[in-house]
Amino acid sequence: MSLFSILLHFSMSFAHAQQGTLGVDNTSDQTEDNVYIIQQGDTLWDIANKFYRSSEQWPSLWSFNEYITNPHWIYPGNRIVFTMGSDVEPPNVDLQTQEENYTVTGTTFEKTESTCGPDVRFDFQQDVGTFTVTGFIKDPNQIEVFGVVEKSPHNHSMLVDKDLLYIKTNGSRAYECGDVVSIFRKIKDRVRDPSNFFSNYGAMYKVVGEAQVVYTPEIGDYITVQVRKSWEEIERGDFVGDLDKNEELEIIPVIIQEEVDVPDGEGQATIIAALGDLHSLHTTRHTLFIDKGEADGVKFGDTYYVTKRRDDYIRGAKDDPTIPATVIGRVMVVRVGTDTSAIIITDARRSIDIGDTLSQSID
């Protein structure tokens, strides 16, 4: 917008100003001055919004007055004077100061030297405690199911600790009282490879509880178990598996320390899924899955930076390998499979998405 256009807009807008804030000075033969008296609490942002109809125009107003070192520091009583100009005089905007008996209080600024290189620091304090990872990805053909939660003597749909369950077994295993079984369900049929639509890593499962056998009748296919621990409500139709046959069904608590180790190495991976239906996650302790596992040298406790190389403001933007990586989070490996691993978010600055890249070193 040209200076003349801005001043013209200013002139038209001032016609609607409240009485007492605008005056006209006709002492000059060639120009007409309009004046706005700055009020208590005014900022250039407010003034630009009032007279330009756009707060984003405040830099234009500021640029005409270089001696305003801070755009937030303008003073009540100061006069914004604009002149429309004439054939021989150019238009002008000026701010006349009257700073006597007025001081700005309470704000100081310190200069700090910026660090050259990618910003990989995280400022927030982590919660210390125990975290359990109840999900895993595996080929359904490699999961041994020994029975199904079919009935219960309790008249409610969600079953939890101390409830009794009737398990219909498939006869492939002989249970005895005292045996412990795991209860789990499939929550996603296929976890696809983000780089190949026709390839997938298997199905996603979630362990929902653990139960102990309390009765094994001699006749029939049912056994009775009692829930001794539930991580989520158990439902009729959930699968029953043997902890000895499916090591993924064993839930091992993970202790999260206040300080997570800084990533060390050259490993890279891609987030392929989240435990649940969420596609974007921005809080800590969420469980995600990556496309690397034991076969790729991944170990329990490994940490990675979560990076982006795109401008998410641009709709449909994809990672551009030619722009620098921005670190938006950090994760830790808490369960290692053959080709995939489960991770949890330990730090996050903003939304972490399926498809984001993990790196142990930042260029």
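Student: In this predicted model, is Asp-242 buried or exposed?
Tutor: Work from the cut-off: a residue under 20% relative accessible area is called buried. Asp-242 has a relative accessibility of 5%. Asp-242 therefore counts as buried.

Student: Which residue forms a salt bridge with Asp-242?
Tutor: The closest N and O atoms of the pair are 2.5 Å apart. That falls within the 4 Å cut-off for a salt bridge. The partner of Asp-242 is Arg-173.

Student: How many residues apart are Arg-173 and Asp-242?
Tutor: Arg-173 sits in the loop between strand 8 (164-169) and strand 9 (180-188). Asp-242 belongs to strand 14. The pair links distant parts of the chain, with a separation of 69 residues.

Student: Why is Arg-173 called partly exposed?
Tutor: The partly exposed class lies between under 20% and over 50%. Arg-173 falls in that class because its relative accessible area is 25%.

Student: Which residue meets Arg-185 in a salt bridge?
Tutor: The N to O distance is 2.9 Å, and the contact is between side chains. The partner of Arg-185 is Asp-238.

Student: How many residues apart in sequence are the parts tied together by Arg-185 and Asp-238?
Tutor: Arg-185 lies in strand 9. Asp-238 lies in the loop between strand 13 (222-230) and strand 14. So the salt bridge ties together parts of the chain whose separation in sequence is 53 residues.

Student: What is the relative accessible area of Asp-238?
Tutor: Its partner Arg-185 is buried, at 12%. Asp-238 is buried too. The value for Asp-238 is 3%.

Student: Which strand does strand 9 join through four bridges?
Tutor: The two strands run antiparallel. Ile-183 stands opposite Val-240 there. Strand 9 is joined to strand 14.

Student: Which residue of strand 14 stands opposite Val-148?
Tutor: Strand 7 and strand 14 run antiparallel. Two bridges join them. Opposite Val-148 stands Phe-239.

Student: Which residue meets Lys-138 in a salt bridge?
Tutor: The side chains come to 2.8 Å, N to O. Lys-138 lies in strand 6 and its partner in the loop between strand 14 (239-242) and strand 15 (254-256), so parts 110 residues apart in sequence are tied together. The partner is Glu-248.

Student: Are Lys-138 and Glu-248 buried or exposed?
Tutor: Lys-138 has a relative accessible area of 18%. Glu-248 is at 13%. The cut-off is under 20%, so Lys-138 and Glu-248 are buried.

Student: Which residue points the other way from strand 6 along with Phe-136?
Tutor: Gly-135 and Ile-137 point one way, and all four residues are buried. Strand 6 runs antiparallel to strand 12 (residues 203-215), joined by four bridges. The residue that stands opposite Ala-203 also points with Phe-136: Lys-138.

Student: What is the phi of Lys-162, about?
Tutor: Lys-162 lies in the loop between strand 7 (147-151) and strand 8. At 66% relative accessibility, it counts as exposed. Although Lys-162 is not a glycine, its phi is positive, about 75°.

Student: Which residue forms a negative surface patch with Asp-244, Glu-247 and Glu-250?
Tutor: Look in the loop between strand 18 (287-290) and strand 19 (303-308). The residue there counts as exposed, at 57% relative accessibility. The patch member is Glu-294.

How values were computed. Residues are numbered from 1 along each chain as its sequence is written. This is a predicted model: local features need pLDDT of at least 70, side-chain atom pairs count only at pLDDT 80 or more; totals for chains, interfaces and linings use all residues. Side-chain values use heavy atoms; hydrogens and water are left out. Patches are made of residues with over 30% relative accessible area and no salt bridge: like charges are joined within 9 Å, nonpolar side chains (Val, Leu, Ile, Met, Phe, Trp, Tyr) within 5 Å. Accessible areas come from the Shrake-Rupley method with a 1.4 Å probe; for residues, only the protein chains shown count as cover. Lys and Arg count as positive and Asp and Glu as negative; His and the chain ends are not counted. The place of a charge is taken as NZ of Lys, CZ of Arg, CG of Asp or CD of Glu. Buried means under 20% relative accessible area, exposed over 50%, partly exposed in between (1.4 Å probe, protein chains only). Two strands pair if DSSP finds at least two bridges between them.
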